[in-house]
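Work through the exercises below with the sequence and the 3D structure in view. Each task is followed by a solution in steps.

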Amino acid sequence: MFLNHIYLIPLFPAFGAVIMFFFGRRLQKATVNAVCVGAVVVAFLFACFTVVEYTHFAHGTGHPFEKILYTWLGSGDGHLNFVKRDGTTASFNADAGFLLDPLSSIWLLFVTGVGMLIHIYSTGYMAHEGGYYRFFGYLNLFMFAMLTLILANNYMMLFVGWEGVGLCSYLLIGFYFHRNSASTAANKAFIVNRIGDAGFILGALTLAWYLGSFRFTDINVQARGGHFAIGDPVLTAAALLLFIGACGKSAQIPLYIWLPDAMEGPTPVSALIHAATMVTAGVYMVARSNAVFVLAPTAMKTVAIVGALTAVFAASIGLVQNDIKRVLAYSTVSQLGYMFLALGVGAFAAGVFHVFTHAFFKALLFLGSGSVIHAMSGEQDMRNMGDLRRRIPTTHWTMLVATLAIAGIFPFAGFFSKDEILWQTWASEGGAYRILWFVGYGTALMTAFYMFRLMYLTFYSPSRMSHEAEHHVHESPKSMTVPLVILALCSIGAGWLSWPHSLGGSAHFEKFLEPVFAREAVVLVEEGKSAQLAAGEKEAEHTDKTEYALMFLSLAAAGVGWGMARHSYARAAKGYKEPIAVDAPPLYKLLYNKWFVDEGYDYVFTGRRKVGKVRLGVMGAGEASSWFDAKVIDGAVNDVGWVTKAIATISTWWDKWIIDGVGVNGPAILARMISYPARLFEWGLVQWYALVMVAGLLGFGVYYVWK
Amino acid sequence: MVPITTLHYLVVAAALFVLGAIGVLTRRNVVIVLMSIELILNAVNLNLVAFSRMWGNLHGQIFAIFIVVDAAAEAAAGLGILIAFFRNKETVNIDEIDLLKW
């Protein structure tokens with residue numbers, strides 16, 4: 001009953017958004033809360049019932065449930081047909097259809113669940129802000145778009161949600177639109193995402209052209225049908241294009257630059273959109289396209305390498321940032337890198353599992369940082385914090401839980417997911433990715449360090465607050481702390497869903513996801529390069545001694561990171577020095593300035609850098625070719641034009657003076673000259689006529705007298 | 001006392017005629033031109049009356065009366081045209097009244 005009306009789930013928040021759009025301005029805050037938060041609560045409950053019903057429906061087979069409302073794009077009547085690569089005609093068809101399988105179930109649950117908690121939190125956090133209804137309208141609109149994205153049954157519907165969340169991200173980053181930095185950051189996010197979106201749409205169209213459908217189920221059947229060789233160039237291209245889209249949305253190198261700036265938005269937005277849900281859309285899309293990706297090893301390698309590099313790169317920047325939200329932003333980029341690393345080595349389930357746990361602890365970290373900022377009356381610089389542990393206790397212990405989770409301390413959620421990723425990276429493809437394991441391992445160490453640095457600087461070290469700020473510090477209201485507590489419980493428990501076999505668990509989470517990815521495991525095993533082995537072999541490998549060793553090593557890394565942070569920051573008084581700044585000033589400068597990537601992009605892409613009057617980079621090349629066009633091409637065109645014009649001038653002169661002058665006007669002038677004497681007799685003076693008459697009379701008189 | 005013969009009349013009339021002709025030919029004001037035409041007409045009248053007296057009948061005198069009436073009509077029509085013209089051009093200078101040459 002719920003399953004059949006699955007399309008209602010996105011419509012609940014859409015309804016809230018529409019109400020806010022038309023009537024929000026006139027509504028009381030309580031009404032706004034009732035409508036918007038209510039819509040998401042209903043969506044969450046509906047989603048829970050739907051997933052429960054789905055598990056009965058699928059009965060453990062993981063068979064996808066599809067609900068097609070109507071044909072949205074295209075038709076079978078031949079109007080929108082396109083010629084497939086094999087010369088047959090397929091119709092351009094995309095339904096308004098909804099797909100529920102284990103993969104979308106997981107996204108559905110945590111998006112609505114975390115979304116609901118963040119909505120509740122926002123009622124407290126935004127209570128004193130202007131544009132209250134606008135904020136909640138955007139949030140609801142975002143929920144609608146995100147749910148459309150994850151419930152879509154084809155790439156076009158997914159793209160609708162994909163663009164929708166991009167739009168909401170833009171609107172919410174620029175929520176404080178009177179601040180120049182916010183509107184710039186919003187533009188940056190939108191434009192960078194647009195680059196990724198171009199890749200996404202090209203990839204989806206390539207797949208449709210090659211496989212004849214936008215529908216995930218059709219594409220999976222085609223891709224798994226054995227018609228395509230591993231490494232098929234078109235599928236590789238399509239997978240790489242889709243990955244460009246994922247890079248934009250999920251903030252991977254080279255398109256990650258928008259996410260740190262997105263922290264200009266209100267903190268609940270950072271938690272919901274830029275940490276827990278929207279930025280995982282790229283991971284979702286790649287996982288959803290797994291059937292295509294496994295046929296494209298080059299694309300898989302690219303995903304793994306980009307993911308690992310992003311993870312370590314962002315973590316290194318996060319080490320030295322002072323803005324509490326920026327640390328978390330780089331942490332998000334870094335964790336997303338982990339997820340792509342997992343996808344890239346073929347451990348789709350591990351990547352999805354990390355998305356799942358990350359949603360809880362990263363949302364919690366952001367909401368906690370929001371609570372800190374709230375307590376500090378808007379201060380975000382950790383250099384001006386310290387000793388908040390006893391003043392905001394709930395915020396403190398919930399954030400501590402999240403930090404332990406993200407650092408990968410047993411038995412918090414992050415331990416299980418991160419450890420699974422590292423283990424899979426180590427084991428996959430017969431060890432071809434071990435170098436990436438080292439990268440991931442280093443990132444784990446850095447993660448622990450920068451997270452505990454954040455904790456020490458914020459909660460434990462001696463107070464560095466101004467007196468005024470210190471005076472105002474207060475714990476946040478219940479509406480904010482209750483979501484924190486719930487998320488903290490999730491951050492502890494979420495990992496247990498996939499308690500690994502090696503620790504005596506049964507990895508329910510991966511079992512649940514297995515049907516979505518199982519066939520891939522088979523393909524990879526056939527190629528002899530996967531850790532995702534068939535079930536029996538997998539367990540054998542999981543009980544390998546190496547896995548325990550790696551597990552211990554990651555715990556050790558977390559412990560070392562913690563210890564280093566404690567050593568450096570536990571006693572950080574006013575005016576403390578960063579240890580990196582003391583020991584390696586150039587490195588500190590490099591990290592603090594984010595490896596100068598934004599500046600580099602200014603040199604290469606944005607065209608803000610000039611040498612003299614010459615612009616650099618792509619824009620410079622554009623200007624140069626514009627100059628070439630204007631001066632050389634147009635110059636040649638103008639020269640040809642000049643010759644034509646000269647000929648025309650001569651021709652005009654000939655026509656004007658010779659043809660018209662001699663031929664046409666000549667006789668006319670002659671006639672006029674002849675007419676002059678005649679005109680003398682008729683020049684209009686009456687008295688002249690009279691004189692002539694008198695003279696004539698006199699003449700006649702004289703003639704007759706003398707005759 | 002020399003008797004006044006026809007010749008005397010003719011001389012006076014010729015003088016009047018010449019005065020009128022000079023006036024018509026030389027004056028620029030249309031009103032003066034019209035007056036000069038009256039002079040010419042009256043010179044003719046004088047001739048007619050003189051010859052009527054010479055011949056001892058009234059034919060010439062009747063002609064003269066006709067001419068006087070004709071002159072009155074001509075003056076009325078001429079001055080009417082002149083006034084209509086003046087309303088348009090604000091001038092009675094005969095040199096500027098030359099539209100009909102076209």
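A residue is called buried when its relative accessible area is under 20%, exposed when it is over 50%, and partly exposed in between, using a 1.4 Å probe and protein chains only. The structure is a predicted model, in which local features need pLDDT of at least 70 and side-chain atom pairs count only at pLDDT 80 or more, while totals for chains, interfaces and linings use all residues. Residues are numbered from 1 along each chain as its sequence is written, chains are lettered from A and ligands numbered from 1 in the order in which they are written, and side-chain values use heavy atoms, with hydrogens and water left out.

**Exercise 1. State whether A:Ser371 is buried or exposed, and list what it touches.**

Step 1. Locate the residue: A:Ser371 belongs to helix α15 (residues 348-375) of chain A. Helices (H or I, at least four residues) and strands (E, at least two) are DSSP runs, numbered from the N terminus.

Step 2. Apply the cut-off. The relative accessible area of A:Ser371 is 0%, so this residue is buried.

Step 3. List the contacts, meaning heavy atoms within 4.5 Å. Leaving out residues up to four places away in sequence, A:Ser371 touches A:Tyr121, A:Thr395, A:Glu475, A:Ser476, A:Met480 and A:Leu484.

**Exercise 2. Find how far A:Ala271 is from A:Phe366 in sequence and in space.**

Step 1. A:Ala271 sits in helix α10 (residues 267-276) of chain A, and with 0% relative accessibility it is buried.

Step 2. Along the sequence, A:Ala271 and A:Phe366 are 95 residues apart, yet their C-alpha atoms are 5.0 Å apart in space.

Step 3. A:Phe366 is also among the residues that A:Ala271 touches, which include A:Ile118 and A:Leu367.

**Exercise 3. Check the length of helix α4 (residues 132-151) of chain A.**

Step 1. The expected span is 1.5 Å times one less than the number of residues. For the 20 residues of this helix that gives 28 Å.

Step 2. The end C-alpha atoms of the helix are 29 Å apart, which agrees.

Step 3. Since 16 of the 20 residues of α4(A) are buried, this helix is largely enclosed by the rest of the structure.

**Exercise 4. Describe the salt bridges of A:Arg288 and A:Lys188.**

Step 1. A salt bridge is a side-chain nitrogen of Lys or Arg within 4 Å of a carboxyl oxygen of Asp or Glu. Over all chains there are 15.

Step 2. A:Arg288 pairs with A:Asp101 at 2.7 Å, N to O. A:Arg288 lies in helix α11 (residues 281-288) and A:Asp101 in the loop between β4 (94-100) and α3 (102-125) of chain A, so the pair ties together parts 187 residues apart in sequence. Both A:Arg288 and A:Asp101 are buried.

Step 3. A:Lys188 pairs with A:Asp598 at 3.3 Å, N to O. The two residues, in helix α6 (residues 180-211) and helix α26 (residues 597-606) of chain A, are 410 residues apart. A:Asp598 is partly exposed, at 22% relative accessible area.

Step 4. A:Lys188 and A:Asp598 also belong to a network of salt bridges with A:Asp261 and A:Arg326.

**Exercise 5. Characterise the interface of chain B and chain A.**

Step 1. Count residues: 12 of chain B are in contact with 11 of chain A.

Step 2. Buried area is the accessible area (1.4 Å probe) that two parts lose on being put together, summed over both. Here this area is about 810 Å², and carbon and sulfur atoms give 62% of it.

Step 3. Look for salt bridges: the rule finds zero across this interface.
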